[in-house]
Amino acid sequence: MLRGCLQHATSFPSASSSIRSNITMADRQPSVFEPQTDLESFHTHLKKSKRVLALLGAGLSASSGLPTFRGAGGLWRSVKSTDLATPQAFARNPGLSWQFYNYRRHMSLSVEPNPAHYALAKLARKMPGFVTLSQNVDGLSQRADHPSDRLHLLHGTLFDLKCSDERCDYREENYTDPVVPALAIPADQAQPAGSVVDISDSMVALPSLTTYDLPHCPECKRNLLRPGVVWFGEALPEVVLNKAKDYLAAPENIDLIMVIGTSAQVWPAAGYIGQARARGARVCVVNMDSDAPPGGWKQGDWMFAGDAAVLVPELLKPVIG
Ligand code: APR
């Protein structure tokens, strides 16, 4: 398997390399250390921190009204969202794939960034050594004015479109909703409320589509456009991987990594937790669940269980006010 490709942690055949061993399921064993849960010790550490990383996942946008991938809400018309996120799914049924991604674009445009997106954006403006690695493709951090030079999108964005043929380098930024008229969402399926009811409802008939109805590449004029997100088995954007690599390789240590709203089950994103640790970072997890991060808890870690939209502004308060 290629190291820069999007993969589930569980798909590793063995923990044969030190980097891989950070994210095998075997590492999710009871830790000997218990994480701290008090705000005060976290605030003390944050105030003296200079280099801080944030690793973001779908849970950050959950209270805005967007479903996460795993657990409740991780279904779309009875298909697992993760099963649709592959080049094979697109090749097999581009109409279904486009209906799924058009729906996610629509949902993302229908909701608003929450206080955690704004708090992280504010921290990025206040702390020059703060860098965010986001797995989210929903555009909410960008809409919260997170400085773009400090926001690295590991999995791309729903609002980039590119030619589905790798030999054609056409790419565009596109916020049109629906992407093409044939993908318009029937009014009774369009509300973001709770997200689960409508998108998982396989009883609601979808319009039947032909490839002619789907967006085509205006450059090569032969192939379909596809969403500019990273699918399982695909390489992450090289420029983003290099930014992360440079940050981790800098001579100064990293003080802290905040792991916010992610199940940390997907490679290579999950591996950044171990890599930051190796550069001295203490780990702070913010999540609805209190699961240990890959590699388990270590002395000096923090776990704040609850809604990121509430907790993150509270955690960052001493720096962002
Ligand atoms: N606040 C904090 N955490 C939350 C909240 C919330 N309000 N709601 C849910 N969570 C947590 C869940 O407990 C879970 O651990 O967010 C996490 C979401 O995990 P996933 O659904 O696995 O999403 P994520 O980790 O972002 O997935 C990674 O997998 O499918 C691919 O490419 C896709 O970027 C995605 C990647």
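Which atom of phenylalanine 69 lies 2.7 Å from an oxygen atom of the ligand? A backbone N or O atom of that residue does. I begin with this contact, and I should state at once that we are looking at a predicted model.

Let me stay with the ligand for a moment. It is surrounded by 21 residues, and the closest of these are Phe69, Arg70, Thr262, Ser263 and Asn287. Whereas phenylalanine 69 approaches a ligand oxygen through its backbone, histidine 155 uses its side chain: one of its polar side-chain atoms lies 2.8 Å from an oxygen atom of the ligand. The side chain of aspartate 289 also takes part, with an N or O atom 3.2 Å from a ligand oxygen. How much of the ligand does the protein bury? Taken alone, the ligand exposes 730 Å², and 91% of that is buried by the protein. As for the character of the surrounding shell, its residues comprise 7 nonpolar, 11 polar and 3 charged.

I turn now to the sheets. As general background, strands of a sheet pair through backbone hydrogen bonds, in either a parallel or an antiparallel manner.

The parallel case here is an open sheet of 6 strands, in the order β6-β5-β2-β10-β12-β13. Its edges are formed by β6, residues 151–153, and β13, residues 302–305; each has a single partner strand, and therefore one side of each is left without a neighbour in the sheet. Neighbouring strands of this sheet are turned against each other by 15° on average, ignoring direction. Within the sheet, β2, residues 52–56, pairs with β10, residues 256–260, over 5 bridges in the parallel sense. To place one such pair on the structure, please find leucine 53, whose bridge partner in β10 is isoleucine 257. Helix α1, residues 39–47, packs on this sheet and touches β10, β12 and β13. The direction of α1 makes about 125° with that of β13.

The antiparallel case is an open sheet of 3 strands, ordered β8-β7-β9. Why is one side of β8 and of β9 left without a neighbour in the sheet? Both β8, residues 171–173, and β9, residues 225–229, stand at the edges with a single partner strand each, so that one side of each has no neighbour there. From one strand to the next, the twist averages 35°. Strand β7, residues 156–163, is joined to β8 by 3 bridges, the two running antiparallel. Here lysine 162 stands opposite arginine 171 of β8. Helix α4, residues 94–110, packs on this sheet, in contact with β7 and β9, and its direction makes about 140° with that of β7.

Finally, I would draw attention to some details of the backbone. The peptide bond from aspartate 177 to proline 178 is cis, with omega near 0°. Proline 178 belongs to the loop between β8 and α7, and this loop therefore follows an edge strand of the antiparallel sheet. A cis peptide bond also joins tryptophan 267 and proline 268, where omega is about 0°. Proline 268 is located in the loop between β11, residues 266–267, and α9, residues 271–278. Lastly, aspartate 145 has a phi near 70°, a positive value in a residue other than glycine. Aspartate 145 sits in the loop between α6, residues 140–143, and β6.

Conventions. Residues are numbered from 1 along each chain as its sequence is written. This is a predicted model: local features need pLDDT of at least 70, side-chain atom pairs count only at pLDDT 80 or more; totals for chains, interfaces and linings use all residues. Side-chain values use heavy atoms; hydrogens and water are left out. Two strands pair if DSSP finds at least two bridges between them. Helices (H or I, at least four residues) and strands (E, at least two) are DSSP runs, numbered from the N terminus. Axes are lines fitted to C-alpha atoms, for helices over the stretch in contact, and angles run from 0 to 180 degrees between N-to-C directions. Contact means heavy atoms within 4.5 Å. A residue is near a molecule or strand if one of its heavy atoms lies within 4 Å of it. A polar contact is a pair of N or O atoms within 3.5 Å; within protein, one must be able to donate a hydrogen and the other to accept it, and residues adjacent in sequence count only if both atoms are side-chain atoms. Accessible areas come from the Shrake-Rupley method with a 1.4 Å probe; for residues, only the protein chains shown count as cover. Ala, Val, Leu, Ile, Met, Phe, Trp, Tyr, Cys and Pro count as nonpolar, Asp, Glu, Lys and Arg as charged, and the others, Gly among them, as polar.
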